[in-house]
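Colleague: Please take a close look at the largest pocket for me. I would like to see how the rest of the chain is arranged as well, so start with the overall fold.

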Amino acid sequence: MATFWWCVLGLLTCGYFALAGYDYGVGMLLPGFEAGERRRRQTLGALGPFFLANEVWLVAAVGLLFGAFPHLEGKVFAGAYVLVVTLLLGLTTFTASMQLRSRRPDARRGAWTAGIVGGALVTALSWGLFLGNLVLGLPLSPDGSPSGDVLALFSPYAVLWGLGFVALFCWQGAAFLAVRGPAELTGRAVRLARAFSAPVFAFLVIASAWGVFALDGVPAFGATVAGLAFGAFAVARLGLAARRYRVALVGSMVLSACPALLAGTLRFPAVLAAPGYALTVGEAATAPETFAVLAWFAPPAVLVLLVVQWLTWRAHRRPVDQRSLLHF
């Protein structure tokens, strides 16, 4: 039963990164397009119908983590408290700036635009640092308590992941704008996507090679996810080359989900590791009675989430044009 709910949590988490990755990518790329309110509104308007729906996946994943794996939640949040705080600050700043950026023609929007760019950057960096630490092993004491060494969270390997996530989300955001952005912005979006291909590939190669040595080998699960990541990158790169931008977007979305998938399966059935310490999925799970309660609510909620996301994409599959409703 615990393994089943771990898979559900993995679905929600991977769905969040696959979808919200282009939210933060578009936010970070905002200064890369021509200055002017009309261009910026079109850029953000391409994202508008999906923005809040994408964030729901994170809310659902955190809710399931609290309910199904309370022992894991406590140790992860305590061990990476600084990164959790910076992540929340980035998410709050990005979300608030998106929603509070006024549409009035005479309004001042500079601070809110800076909040969008800065919040997206902090969020991307924080997620990369967080997942890099989960892959390498959180700095915990042998009994599973926080070590108190905050600087250990910013090891060179974790910093590599932080910078890699910035490049990855920017790449995904550019691919998204190539699909959903207005026709006059497509060329710029494609050029940005091609430019970010090199740092994303470098991140994949260096993180994979470094991880093999840091972990003294990679289990079968890890090798499979790494192969999936390189395959998704190849699909996205070929999609850009062939001007099949939807294919490129799907490839980048799968690639953005791979780090979370790797963190969740690398040492399974251990779901949290540190030097001299490991927490298995069974030890992290809640009581069977709580799983019975979750079984009544979680499957319908996940189904509704999937259907609404599909309908949203179905309704807004065409690029932004002069007749489109700009939400931001």
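Modeller: Happy to. Read along the sequence, the chain runs α-α-α-α-α-α-α-α-α-α-β-β-α-α, which comes to twelve helices and two strands; these are DSSP runs numbered from the N terminus, helices being H or I with at least four residues and strands E with at least two. The model is predicted, so local features need pLDDT of at least 70 and side-chain atom pairs pLDDT 80 or more, while totals for chains, interfaces and linings use all residues. Residues are numbered from 1 along each chain as its sequence is written, and side-chain values use heavy atoms, without hydrogens or water.

The C-alpha atoms fill a box of roughly 60 × 45 × 35 Å along the principal axes. The radius of gyration is 20 Å, close to the 20 Å that the globule rule gives for 328 residues, so the chain is as compact as a globular protein of that length (taken over C-alpha atoms; the rule is 2.2 Å times the number of residues to the power 0.38). Of those 328 residues, 52% count as buried (under 20% relative accessible area with a 1.4 Å probe, protein chains only; over 50% is exposed, in between partly exposed). Among contacts (heavy atoms within 4.5 Å) between residues at least 6 apart in sequence, 83% join residues at least 24 apart.

Now to the part you asked about. About 920 Å³ of space lies in the largest pocket. A pocket is an open set of points on a 1 Å grid where a 1.4 Å probe fits, with protein on both sides within 12 Å along at least five of seven lines; lining residues have an atom within 4 Å of a point. The volume is that of probe spheres set on the points, which are joined across faces, edges and corners.

Which of the 41 lining residues should you click on to find the centre of the largest pocket? The closest to that centre are Leu9, Thr13, Leu65, Trp127 and Phe130. Helix H1 gives the most to this lining, with ten residues. At least two residues each come from H1, H3, H4 (70-79), H5, H6, H10 (245-265) and the strand S1 (270-274). By class, the lining of the largest pocket holds 34 nonpolar, five polar and two charged residues (Ala, Val, Leu, Ile, Met, Phe, Trp, Tyr, Cys and Pro are nonpolar, Asp, Glu, Lys and Arg charged, the others, Gly among them, polar).

Since H1 gives the most to that lining, let's follow this helix further. Phe17 lies in H1 and Phe165 in H7, so their pairing ties together parts that are 148 residues apart in sequence. The ring centres of Phe17 and Phe165 are 6.2 Å apart with the planes at 90°, so the pair is edge-to-face (Phe, Tyr and Trp rings, six-membered for Trp, pair with centres within 6.5 Å; planes under 30 degrees apart are stacked, over 60 edge-to-face, the rest tilted). Phe17 is buried, at 2% relative accessible area, and Phe165 is buried too, at 0%.

From H7 another pair leads on to H8. Trp161 and Phe203 are also edge-to-face, 5.7 Å centre to centre with 90° between the planes. Trp161 lies in H7 and Phe203 in H8, so this pair links parts 42 residues apart in sequence. Both Trp161 and Phe203 are buried. The whole structure has 27 aromatic pairs.

Trp161 also takes you to the second largest pocket, where it is among the residues closest to the centre, along with Ala207, Ser208, Ala226 and Leu262. This second pocket has a space of about 330 Å³. H7, H8, H9 (220-241) and H10 each supply at least two residues of its lining. The 23 lining residues divide into 20 nonpolar, three polar and no charged.

H10 helps to line both pockets, and the loops on either side of this helix reward a look. In the loop between H9 and H10 sits Arg243, a residue other than glycine with a positive phi, near 60°. Arg243 is exposed, at 66% relative accessibility. In the loop between H10 and S1 you find Pro269, joined to Phe268 by a cis peptide bond with omega about 15°.

Two more spots complete the tour. In H2 (residues 37-47), the buried residues include Arg39, Gln42 and Leu44, and the buried residues of H2 pack against H1 (2-29), H3 (51-68), H5 (81-100), H6 (110-136), H7 (156-180) and H8 (183-214). Finally, Gln309 lies in H12 (residues 288-315) and is buried at 6% relative accessibility. Leaving aside neighbours within four places in sequence, Gln309 is in contact with Leu19, Ala53, Asn54 and Trp57.
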